[in-house]
Amino acid sequence: MKKIEAIIKPFKLDEVREALSEIGISGLTVTEVKGFGRQKGHTELYRGAEYVVDFLPKIKIEIVVNSNNVEPAIDAIIKAARTGKIGDGKIFVMPVEQVVRIRTGETDEAAV
């Protein structure tokens with residue numbers, strides 16, 4: 001099993017969720033986060049004063065999938081989240097050693 005974390009632009013969340021749903025991934029966790037990479041923030045004007053916004057709002061999506069679903073999930077996220085502009089985000093893939101469903105006690109593949 002693998003855990004996929006994707007950092008995407010907030011307005012792409014619905015498209016990514018739908019793309020994942022289409023390939024059979026039903027559960028995900030979404031967190032509002034802030035950060036920057038090459039985008040390095042931007043300058044805004046507020047009441048005539050200019051200020052720098054270093055940390056940009058992003059969405060972090062976390063899913064756990066069977067190892068054979070990793071590539072389809074990555075492809076779905078990329079197709080749905082890509083705008084072609086800087087700041088589209090990143091995808092991280094990590095191994096998952098164990099999963100336990102708290103309600104039933106099911107473990108590993110049955111708990112995903």
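This report walks through the sheet of this predicted model and the two helices that lie across its strands.

**The sheet**

Four strands make up an open sheet in the order 2-5-1-6, and their pairing is antiparallel. Strand 2 (29-35) and strand 6 (90-95) are the edge strands; each has a single partner strand, so one side of each is left without a neighbour in the sheet. On average, and with direction ignored, neighbouring strands are turned by 25° against each other.

Let us look at one pairing in more detail. Strand 1 (residues 2-8) meets strand 5 (residues 56-65) in the antiparallel sense, over seven bridges. Here you can find glutamate 5 standing opposite glutamate 62 of strand 5.

**The helices**

Now for the two helices, set side by side with the strands they lie across:

| Helix | Lies across | Angle |
|---|---|---|
| Helix 1 (residues 13-22) | strand 1, strand 2 and strand 5 | about 10° to strand 5 |
| Helix 2 (residues 70-81) | strand 1, strand 5 and strand 6 | about 5° to strand 1 |

Helix 1 deserves a second look. Val16, Ala19 and Leu20 are buried in this helix. Seen down the axis of helix 1, the buried residues fall within an arc of 95°, so they line one face of the helix. What do the buried residues of helix 1 pack against? Their partners are strand 1, strand 5 and helix 2. Strand 1 and strand 5 are also among the strands that helix 1 lies across.

After helix 1 comes glycine 24, which has a positive phi, near 95°.

Notes:
Residues are numbered from 1 along each chain as its sequence is written. This is a predicted model: local features need pLDDT of at least 70, side-chain atom pairs count only at pLDDT 80 or more; totals for chains, interfaces and linings use all residues. Side-chain values use heavy atoms; hydrogens and water are left out. Two strands pair if DSSP finds at least two bridges between them. Axes are lines fitted to C-alpha atoms, for helices over the stretch in contact, and angles run from 0 to 180 degrees between N-to-C directions. Contact means heavy atoms within 4.5 Å. Buried means under 20% relative accessible area, exposed over 50%, partly exposed in between (1.4 Å probe, protein chains only). The arc is that of the directions from the helix axis to the C-beta atoms.
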